[in-house]
Structures are given as structure tokens and as C-alpha cells.
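User: Please take one part of this model and look at it closely with me. Then place it beside the rest of the chain.

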Amino acid sequence: LEILVTIVNLNDNSPVFKQTNLNKTVPEDTKVNATIIPREDLSATDADLDTIYYALTTAVPDTGGYFAIKGVNNPEIYLQKALDYDKIKFTTLLLYARDRPVNSSDTTHTATATISILIEQADTKPPWFLPCTFINTDNNVCISSPYAGRVNISEKSTVPLALEPGPIYAIDPDYTLNEKIVYSIVGGDTDNVFSIDADTGNLTMNKAATSPETFLLQVMASQVNNIQKYSVVCVEIKVINKSDHAPYFEKSIYRGTVSVDLAPGSLVLDADVPSKPLMIAAADDDFTDV
């Protein structure tokens, strides 16, 4: 008597990951859709030879949406959204492997793998001149105001020029890299009157300016390791006549009179000479009377 016996496979095994804890460093400038972890490093096996279904979640708040898997049966993780080191520096992903679809009513076994992702800051921003003002809520674009200073005509300063709102200074906003920055004058320096220290940004004079004019210098700050990472700022230098004396009022006290209910715009009269309007005068010994 020949008896045929069919063995029915019982779903009594859970999926197994090759690694249940993975660590991965991802550069900030990784291209969208690039593979972060390949399928072969994430695929789970099942002794029951069941089809495995995958799902990916994020365990760290406010870091979702950046990473995803290729499909329900393909656990390859890829970058879904451009990274920004100022927004996300670290996240933890949980990859689930099931031997039945998510909504199945059959007995389901699940395995979990934890994937720790560390974001590595990349050289993505040009130098910023300080002080500067952020123009968006992401704080990734900072616009500086022009610098301004004055020099005396026919006089060469022997010390670095004082500027407003402060000395020329730029930083690398990719602060974990903090690349070295050098300074140069790239425009506006007619007749080579000024020099700038490449390392400090101090602005000095090569010679005296001989006419009352305004120099609009274009100063560039660039990274030593990549000249394409640069910023340019305007430095306005006014050439003025030298002032040795402060202006002063001719009297220490001025007295005037007004009438009750006087209309706006009416003259205030001199208290000592009521027939004349009150005149307030100042003088400066740097200027002769004409």
C-alpha cells in the first residue's frame, strides 16, 4: 500500500536580520535618491521561506521624511529629502521585517533592526561677513551690511582703519569644518591707496589720498581650500578734510520768548532783543569765517 504524506509548513520561525544594530555616517551634501544602506546589508531571512515584508519608521522626533525604503519587499534605504545639518544631525531608524503583510489576520512574526544615522556637515556655505542678518527662518542665509570708514585727505594712517559697524571679519558658517578664510581687495581701489591683510582683514593705507572722494572697495573673503566658496562686501571709505577742533556754540545759554497760543511754525523771539528772532549759532575753528 503506497501512502503519500504532504508536510504542511508551519509558520513557527521569525525573520532574522544579519545585523540588528547598524551605524551609518551620511554626508550632508548626499544627493537625493542616493542609496544609504544597500539591500544586502538589510535583508532578513526566514527559515519558513516566507515572503518578507518591510516597514521603516523614525524613532527620533522631527527627523522623519529624510529616509525611506525602496519598497515593501525591498529594504534598501535611500535619501528621500535633501539634508540640512542645521536641522538634523542625528536620527534613529527602525526597520521591521514581517512574514505576513501588515494587515494579515494570520499569525505574524516580526524582527526589528535599529539603524543609527549620523549626519556629517559638508562644505555647503560660502563665508559670512559679520555682523549679518538672517533673511529666513532656516538661518542658512545671512546678509551683511556694508562697512564704512573715513580717512583724512593728504594724510596716511599708520594703523589699521577703524570701520563701522566693526572690523572686516568673516567666518565659515560650516562651523564644524571652520575652513581658513583669506581676504583680498578685488575692486574699487583706484591708485592702489589701500591694502588688506590676507589673514586678519585689517585695512591699511599704502599712501595718502590726495583728493576729497569716496572709495567703494570690494573686499572678498574666500576659503583657502576652495576659492569658489567666497563672499564680497562693500567697504565705503570717505576722504575728508582733517578736523582738529570740535564745533562749539557761541553762547552757553540762549533765551527766547513765545506768546500763548502761538501758531505752529511761528518764530521764537530773542529774549534780549524782542524785535529779532532767536538765532542759535555754532562755530568750528577748522573753518575760517567767510
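Analyst: Start with one pair of residues. Tyrosine 96 has threonine 112, in β9, as its bridge partner. The model is predicted, so local features need pLDDT of at least 70 and side-chain atom pairs need 80 or more, while totals for chains, interfaces and linings use all residues. Numbering starts from 1 along each chain as its sequence is written, and side-chain values use heavy atoms, without hydrogens and water.

Now widen the view to the strands. A strand here is a DSSP run of E with at least two residues, numbered from the N terminus; a helix is a run of H or I with at least four. Strands β8 and β9 run antiparallel and are joined by nine bridges. Two strands count as paired when DSSP finds at least two bridges between them.

What is the order of the strands in this open sheet of four? The order is β2-β9-β8-β5, and the pairing is mixed. The edges are β2 (21-27) and β5 (53-58); each has a single partner strand, so one side of each has no neighbour in the sheet. On average, neighbouring strands are turned by 25 degrees against each other, direction ignored. Such angles come from axes, which are lines fitted to C-alpha atoms (for helices, over the stretch in contact), and run from 0 to 180 degrees between N-to-C directions.

Take the two edges in turn. At one edge, β2 pairs with β9 (residues 110-120) in the parallel sense, over seven bridges. Valine 26 has isoleucine 119 of β9 as its bridge partner. At the other edge, β5 and β8 (residues 90-98) run antiparallel, with six bridges between them. There, threonine 57 stands opposite leucine 94 in β8. One general point helps when you look at the side chains. In a regular strand they alternate between the two faces of the sheet.

Next comes another sheet. It is open, has three strands in the order β3-β7-β6, and its pairing is antiparallel. Its edge strands are β3 (35-37) and β6 (67-71), each pairing on one side only. The average turn between neighbouring strands of this sheet is 50 degrees, direction ignored. Two bridges link β3 to β7 (residues 74-79) in the antiparallel sense. Threonine 35 has tyrosine 78 of β7 as its bridge partner.

Now for the whole chain. The domain assignment, whose bounds come from an automatic or database source, gives domain 1 (16-120), domain 2 (128-240) and domain 3 (245-289). The centres of domain 1 and domain 3, taken over C-alpha atoms, are 81 Å apart. The UniProt record, an unreviewed entry, places "domain: Cadherin" at residues 18-129 and 145-249. Its positions use the numbering here, its feature names are shortened, and its annotations may be inferred rather than shown by experiment. Residues 18-129 are 0% helix and 46% strand, with end C-alpha atoms 50 Å apart. Residues 145-249 are also 0% helix and 46% strand, but their end C-alpha atoms lie 35 Å apart.

Some loops have backbone features to find. Leucine 130 and proline 131 are joined by a cis peptide bond, with omega about -5 degrees. Proline 131 sits in the loop between β10 and β11 (132-134). Another cis peptide bond joins glutamate 164 and proline 165, with omega about 5 degrees. Proline 165 is in the loop between β13 and β14 (170-171). Asparagine 139 is not a glycine, yet its phi is positive, about 55 degrees. Its place is the loop between β11 and β12.

Last, the pockets. The largest has a volume of about 270 Å³. It is lined by 14 residues, and the closest to its centre are Asn152, Ile240, Asn241, Lys242 and Ser243. A pocket is an open set of points on a 1 Å grid over the protein atoms alone, where a 1.4 Å probe fits and protein lies on both sides within 12 Å along at least five of seven lines; lining residues have an atom within 4 Å of a point. Its volume is the space filled by probe spheres set on points joined across faces, edges and corners. Strand β13 (residues 147-152) gives the most to the lining of the largest pocket, three residues. The second largest pocket holds about 170 Å³ of space. Among its 13 lining residues, Pro126, Pro127, Trp128, Cys142 and Ser231 lie nearest its centre. Strands β10 (128-129), β12 (142-144) and β19 (226-240) each supply at least two residues of that lining.
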